[in-house]
Structures are given as C-alpha cells and as structure tokens.
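The following paragraphs lead through the architecture of the protein shown here. They treat its sheets, the helices that lie against them, and the residues of its interior.

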Amino acid sequence: MDFMRTEAHIDSPLPDFLCHLKSLGVIRLTGEEAAKYLQGQVTADINLLDGNTALLACHCDFKGKTWNIGYLVGDQNEITLICHQQAIVASLAELKKYGVFAKTEIDDISEQVQIVGGSGNAFVQALQSTLGDLPDAAMQATTSATNSVICLDTPSQRYLAVLDA
C-alpha cells in the first residue's frame, strides 16, 4: 500500500482543529482559604495564580506520591484543576480528607463543563466570539466565572478551553 506522506515542520502552524477532550475532568476549589490550602498539596507555587496564569502541577501526598497531574488556573479564591478524569476520584478523596479544616469547598465539576482543545483561525475566532480576548503566550490564561482558556504553544499555538456545558 502506498500512503500519502506530508511534511510538517516544527515551526509551521497547525491547521484548524477542534477536539472534545472527554478524558479530562475538573476539580474546583473555592473559598477564602483555597489557595492557602492547595499550596501544600501541589508542586506549583499557588501564589503565582492571578487569573491570567496557568500552572502545570502535580497533586501529591506528604510522601511525594502523585495522585494527579494537571493545569491549575484561577485566582486565590477560586482554583480549577484540569486533569485526567480517571485520577479525579483518588485526588478528590485526598483533597477532601484535610479540606474540612480549611475554609474551602472542593468539588468535581466535570459534569458541568465541557473541555475542548483546538488550534487555527476558525477555532480562535469561535472562542473569541464567545469569550472575548484570548491569551496569546504560553501558559497564559483567561478565566471567568464559568470559562477558562489556556494558551499552549508547543510546537505552535493551541488552546485548552473549559467551557460551561
């Protein structure tokens, strides 16, 4: 069989695409102590979250066992962890174990959102028409009460969006 071969260069932009990422889910922490509580639970500096920044982090126990890996977005009072759906049950149980001592609510909101990834002009225009301005540099984020968008740029600019279902 003869397969068609196309050359792709690392610096060439990706064509338009959209993918519903059903393998991902979302844990949301809300409350006045959300950032303080999560600071000791993940491998990222939560103080860097300002509503315009995304962080890649691991959720670990005190011995270093990794429960979950994902992107964190939000601000000091509301933090969203976008992670693998299969890891949510264990991660949520570990977070809630000590969360009762902090002024924070910890919930799996995966059923309330849809997570999509995409690239290209058509995808960007669709997001902009719904959400307004988008981040344009790696690991920048735009967050609102119901939506979050993270800009990823390896090998070219792509977006990960958590949208209200």
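In this predicted model, strands E1, E7, E10, E9 and E8, in that order, form an open sheet with antiparallel pairing. Its edges are strand E1 (17–20) and strand E8, each of which pairs on one side only. From one strand to the next, the twist averages 15°. Helix H3, which comprises residues 121–131, lies across E1, strand E7 (113–119), E9 and E10, and runs at about 35° to E10.

Within this sheet, strand E9 (residues 148–152) merits a closer look. On one side, E9 is joined to strand E8 (residues 141–143) by three bridges, the two strands running antiparallel. Alanine 141 stands opposite isoleucine 150 in this pairing, and a hairpin of four connecting residues leads from E8 to E9. Strand E9 is also joined to strand E10 (residues 158–164), again antiparallel, through five bridges. Here valine 149 faces alanine 161 as its opposite residue in E10, while cysteine 151 has tyrosine 159 as its bridge partner. The hairpin formed by E9 and E10 has five residues between the strands.

Which residues of E9 are buried on each of its faces? In a regular strand, side chains alternate between the two faces of the sheet. In E9, Ser148, Ile150 and Leu152 are buried on one side, and Val149 and Cys151 are buried on the other, so that both faces are covered. Five of the five residues of E9 are thus buried.

A further open sheet has five strands in the order E3-E4-E5-E2-E6, and its pairing is antiparallel. Strand E3 (55–60) and strand E6 (105–108) are the edge strands, each pairing on one side only. The twist in this sheet averages 30° from one strand to the next. Helix H2 (residues 88–99) packs on the sheet and touches E2, E3, strand E4 (66–74), E5 and E6; the direction of H2 makes about 165° with that of E6. Between strand E2 (residues 24–30) and strand E5 (residues 78–84), which run antiparallel, there are seven bridges. One residue of E2, valine 26, stands opposite isoleucine 82 in E5.

Attention now turns to the interior. In soluble globular proteins, nonpolar side chains tend to be buried together. The largest nonpolar core in this model has 21 residues, of which Ile27, Leu29, Leu38, Ile46, Leu72, Ile79 and Ile106 touch the most other members. Two or more residues of this core come from each of E2, helix H1 (34–39), E3, E5 and H2. The greatest contribution is that of H1, with four residues. Isoleucine 79, not counting residues up to four places away in sequence, touches Ile27, Arg28, Leu29, Ala34, Ala35, Leu38, Ile46, Leu49, Leu72 and Val73. A second core, separate from the largest, has 13 residues, including Val73, Ile82, Leu160 and Val162.

Is histidine 59 buried or exposed? This residue is found in strand E3. Histidine 59 counts as buried because its relative accessible area is 2%, under the 20% cut-off. Its side chain makes a polar contact of 2.6 Å with the side chain of serine 91. When residues up to four places away in sequence are left out, histidine 59 touches Gln41, Val42, Lys65, Thr66, Trp67, Asn68, Ser91, Glu94 and Leu95.

Valine 42, one of the residues that histidine 59 touches, is found in the loop between H1 and E3. With a relative accessibility of 13%, valine 42 is likewise buried. Beyond its neighbours within four places in sequence, valine 42 is in contact with Ala57, Cys58, His59 and Leu72. Valine 42 and alanine 57 lie 15 residues apart along the chain, and their C-alpha atoms are separated by 6.1 Å.

A final point concerns confidence. The mean pLDDT of the protein is 87, and 92% of its residues reach 70 or more. Over residues 1–10, however, the pLDDT is below 50, and this stretch has one contact in the model beyond near neighbours in sequence.

Notes:
Residues numbered from 1 in each chain as written. Predicted model: local features only at pLDDT ≥ 70, side-chain atom pairs only at ≥ 80, totals over all residues. Heavy atoms only, no water. Pairing = 2+ DSSP bridges. Axes fitted to C-alpha atoms, helices over the stretch in contact; angles between N-to-C directions. Contact = heavy atoms within 4.5 Å. Core = buried A, V, L, I, M, F, W, Y, C linked by side-chain atoms within 4.5 Å. Buried < 20%, exposed > 50% of the residue type's maximum accessible area, 1.4 Å probe, protein only. Polar contact = N/O pair within 3.5 Å; in protein donor to acceptor, adjacent residues only side chain to side chain. pLDDT = per-residue confidence, 0-100.
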